[in-house]
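Dear colleague,

Please find the structure below. I should be grateful if you would read the notes that come after it.

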Amino acid sequence: MSFGMLSFSRGFVFRRGFHLSPFASGFTFHRGFRNASPNNNGAEYIKGSVNEAVVLPPRDKVAGSYHWDFERLLSVTLIPLTIASVVKGGAHPITDLCLGVILPFHCHIGFDAMITDYFPHRRNPVLNRSFSWGLRAVTLIVLYGCYEFNTNDVGLTELVKKVWHA
Amino acid sequence: MTIYQPQITWYMSASHRVTGGILAAVFYGGAIAYAIQGPLGLGLNSDALVAEIATLPTSLKLIGKFSLAFPFVYHSFNGVRHLIWDTGNALTLKGVYTTGYTVLGLSTISTLGLCLI
């Protein structure tokens, strides 16, 4: 009788499998596709079956090629602005005003590109969203700070000139 | 990434992003500090900053100028290089390398000039 119970228990253990490795439960160091939904596989445009026509995402006035154009426009306007501030070398309220608006936007777009590159929405949805909204809040504070500095203090170009010759 | 052969292409691209990030971080930090200093009572203004910097030794001032000038100048010239690419020019291997070396050369000369002012 004990011999029968022993063989039963050993067979039970073999049927379940005996894994000592933590990787057996699906643990991986690299998050990889863990957050990707298994139903859509990133094919967010395919609705219904694969035999139906693809529904493209809605057109966005802010994203896509308009965003690209706006980004290049800002970068281009920064060139004469920088040259003007370096050549004039002194306080000029209009240059400061333009710099105080265009520079924060330029930095914002740069930081936004870094967020989309290193924390893509498909892989890190929570980090991506929190960083994006945090960046927007911070850019607003920077815009306000530039306005305050240009109004109550010497202004951006004059600051650089003074610091450089301190 | 550390096994990829060092090439001027991706080194300059990474440097463009790094210099941009550093400059923007300094700019953002300064602007935010100035904006929120009211309730914190920090007393930041341009005169205090200039007075602080004037007390530094010349070597530190030079290091400071270099660490501000070089990223700014490099990022600006490389930005122009990016805009040239956006017009569709210099998108060949030769163009990329020529413009790359031009940017590096211009950056060094300009940084030297700015540090000596």
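The notes below cover two annotated residues and one pair of packed helices.

This is a predicted model, in which local features need pLDDT of at least 70, side-chain atom pairs count only at pLDDT 80 or more, and totals for chains, interfaces and linings use all residues. Residues are numbered from 1 along each chain as its sequence is written, chains are lettered from A and ligands numbered from 1 in the order in which they are written, and side-chain values use heavy atoms, without hydrogens and water.

UniProt, in an unreviewed entry, places a "binding site" at B:H75; such annotations may be inferred rather than shown by experiment. B:H75 lies in helix α4 (residues 58-86) of chain B, helices being DSSP runs (H or I, at least four residues) numbered from the N terminus. With 18% relative accessibility, B:H75 is buried (buried is under 20%, exposed over 50%, partly exposed in between, with a 1.4 Å probe and protein chains only). Among its contacts (heavy atoms within 4.5 Å), leaving out residues up to four places away in sequence, are A:H106, B:H16 and B:T19.

A:H106 carries the UniProt annotation "binding site" as well, from an unreviewed entry. A:H106 belongs to helix α3 (residues 93-118) of chain A and is partly exposed, at 23%. Beyond four places in sequence, A:H106 touches A:L74, A:S75, A:L78 and B:H75.

In chain B, helix α1 (residues 8-35) packs against helix α5 (residues 93-116) at about 50 degrees, with axes 10 Å apart; axes are lines fitted to C-alpha atoms over the stretch in contact, and angles run from 0 to 180 degrees between N-to-C directions. The contact includes B:M12 of α1(B) and B:Y97 of α5(B).

Yours faithfully

Note on methods
Helix = DSSP H or I, 4+ residues; strand = E, 2+ residues; numbered from the N terminus.
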